[in-house]
Amino acid sequence: ADLAHSLNDRYHRLGELADLENALEFERRADALTPDGHRDKPERLADLGASLTDRYHRLGELADLESALEMKKRADTLTPEGHPSKPARLASLGVSLTDRYHRLGELVDLECALEVKRRADALTPEEHPDKPARLASLGASLSDRYRRLGELADLESALEMNKGADALTPEGHPNKPVRLASLSASLTSHYYRLGELADLESALAADRRADALTPEGHPNKPR
């Protein structure tokens, strides 16, 4: 398991697919050698699910996504309420449910993603370093449902989540530009829906700040 963690770290640093493949091999072996009922079983499943998610994002194979979901569901089920890893397990499951919604378009996956993301957010205190990411992820899924069903309440909630995520992301944080860009997108949708000029002005201000904080050559930098 420790070797798999190091291989994953190197994959995230250098992007070599061989490191990810090797990490997956070791994680499968570690999981197979960890009996059901062992206290480390949820972590083994969660690690395997995370690496399968990485490979899905890299190669786009639906089988990896389905396997990741299976591992993450089992990891969550085996992680008791009150366990310090429970919010992370739920958040990770929410990511894969969202991935499958984007891939297959099944509304039930989006609804389930929203449910687990809300639980993850509720279990994450305001001062926790993962709180902005929890809010941003929840805001993204609410925006997805707004685009799908057109309910204004979802757009209002998404805007609230994105404002919260931006407020809790300090200046200089590498995710600050994407927080501002998401906030701008929600404000723009709000403007198109209700026609309030203040929303458009706020969207433009957030977009300008996001652009100013995005270095030249970055893939998100407008040309």
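Biologist: Where is the place of Pro170?

Modeller: Pro170 sits in the loop between H8 and H9. This is a predicted model, and what follows is computed from it.

Biologist: Is Pro170 buried, partly exposed or exposed?

Modeller: The cut-offs decide: buried is under 20% relative accessible area, exposed is over 50%, and partly exposed is in between. Pro170 has a relative accessible area of 46%, so the residue is partly exposed.

Biologist: How far apart are Pro170 and Pro132, in sequence and in space?

Modeller: They are separated by 38 residues in sequence and by 9.8 Å in space, C-alpha to C-alpha.

Biologist: Let us take helix H8, before that loop. What span is expected for H8, and what does the model give?

Modeller: H8 covers residues 152–168, 17 residues in total. At 1.5 Å a residue the expected span is 24 Å, and the distance from the first C-alpha to the last is 25 Å, close to that value.

Biologist: Which residues of H8 are buried?

Modeller: The general idea is the helical repeat. An α-helix has 3.6 residues a turn, so residues three or four places apart point the same way. In H8 the buried residues are Asp154, Leu155, Ala158, Leu159, Met161, Asn162, Ala165 and Asp166. Their arc around the axis is only 165°, which puts them on the same side of H8. Facing away from that side are Ala153, Glu160 and Ala167, which are exposed.

Biologist: What covers the buried residues of H8?

Modeller: The cover includes helix H7 (131–149), helix H9 (176–194) and helix H10 (197–213).

Biologist: Which residue of H9 can be tied back to H8?

Modeller: Val178 lies in helix H9. Val178 is 12 residues from Asp166 in sequence, and the two C-alpha atoms are 9.0 Å apart. Asp166 is among the buried residues of H8, whereas Val178 is partly exposed at a relative accessible area of 39%.

Biologist: Can the reading used for H8 be repeated on H10?

Modeller: Start with the span. The 17 residues of H10 should span 24 Å at 1.5 Å a residue, and the end C-alpha atoms are 25 Å apart, which agrees. Asp199, Ala203, Ala206 and Ala210 are the buried residues of H10. Seen down the axis they fall within an arc of 70°, so they line one face of the helix. The other side of H10 has Leu197, Ala198, Arg208 and Ala212 exposed. H9 is included in what covers the buried residues.

Biologist: What relative accessibility does Ala212 have?

Modeller: Ala212 has 64% relative accessibility and therefore counts as exposed. Its C-alpha is 8.4 Å from that of Pro177, with their positions 35 residues apart in sequence.

Biologist: Now helix pairs. How are two packed helices described?

Modeller: By the angle between their axes and the distance between the axes. Take helix H3 (residues 41–59) and H5: their axes come within 11 Å and cross at roughly 30°. H3 and H5 are therefore roughly parallel to each other, and their crossing is left-handed. Pro42, Glu43, Ala46, Thr53, Tyr56 and His57 in H3 meet Arg89, Ser96, Asp99 and Arg103 in H5.

Biologist: At what angle do the axes of H5 and H7 cross?

Modeller: H5 (residues 86–104) and H7 cross at roughly 30°, with axes that come within 11 Å. That makes H5 roughly parallel to H7. On the H5 side the contact is made by Pro87, Ala88, Ala91, Thr98, Tyr101 and His102, and on the H7 side by Arg134, Ser141, Asp144 and Arg148. This crossing of H5 and H7 is left-handed.

Biologist: Are H5 and H6 roughly parallel or roughly antiparallel?

Modeller: An angle over 145 degrees counts as roughly antiparallel. H5 and helix H6 (residues 107–122) pack at about 160°, with axes 8 Å apart, and are therefore roughly antiparallel to each other. Residues in this contact include Leu90, Leu93 and Leu97 of H5, and Leu110, Ala113 and Val116 of H6. The crossing of H5 and H6 is left-handed.

Biologist: What covers the buried residues of H6?

Modeller: The cover includes H5 and H7. The buried residues of H6 are Asp109, Leu110, Ala113, Leu114, Val116, Lys117, Ala120 and Asp121. As for the span, H6 has 16 residues and reaches 23 Å between its first and last C-alpha, close to the expected 22 Å.

Notes
Residues are numbered from 1 along each chain as its sequence is written. This is a predicted model: local features need pLDDT of at least 70, side-chain atom pairs count only at pLDDT 80 or more; totals for chains, interfaces and linings use all residues. Side-chain values use heavy atoms; hydrogens and water are left out. Helices (H or I, at least four residues) and strands (E, at least two) are DSSP runs, numbered from the N terminus. The expected span of a helix is 1.5 Å times one less than its number of residues. Buried means under 20% relative accessible area, exposed over 50%, partly exposed in between (1.4 Å probe, protein chains only). The arc is that of the directions from the helix axis to the C-beta atoms. Contact means heavy atoms within 4.5 Å. Axes are lines fitted to C-alpha atoms, for helices over the stretch in contact, and angles run from 0 to 180 degrees between N-to-C directions. Angles under 35 degrees count as roughly parallel, over 145 as roughly antiparallel, 65 to 115 as roughly perpendicular and the rest as oblique. A crossing is left-handed if the near helix is turned anticlockwise from the far one by less than a right angle, and right-handed if clockwise.
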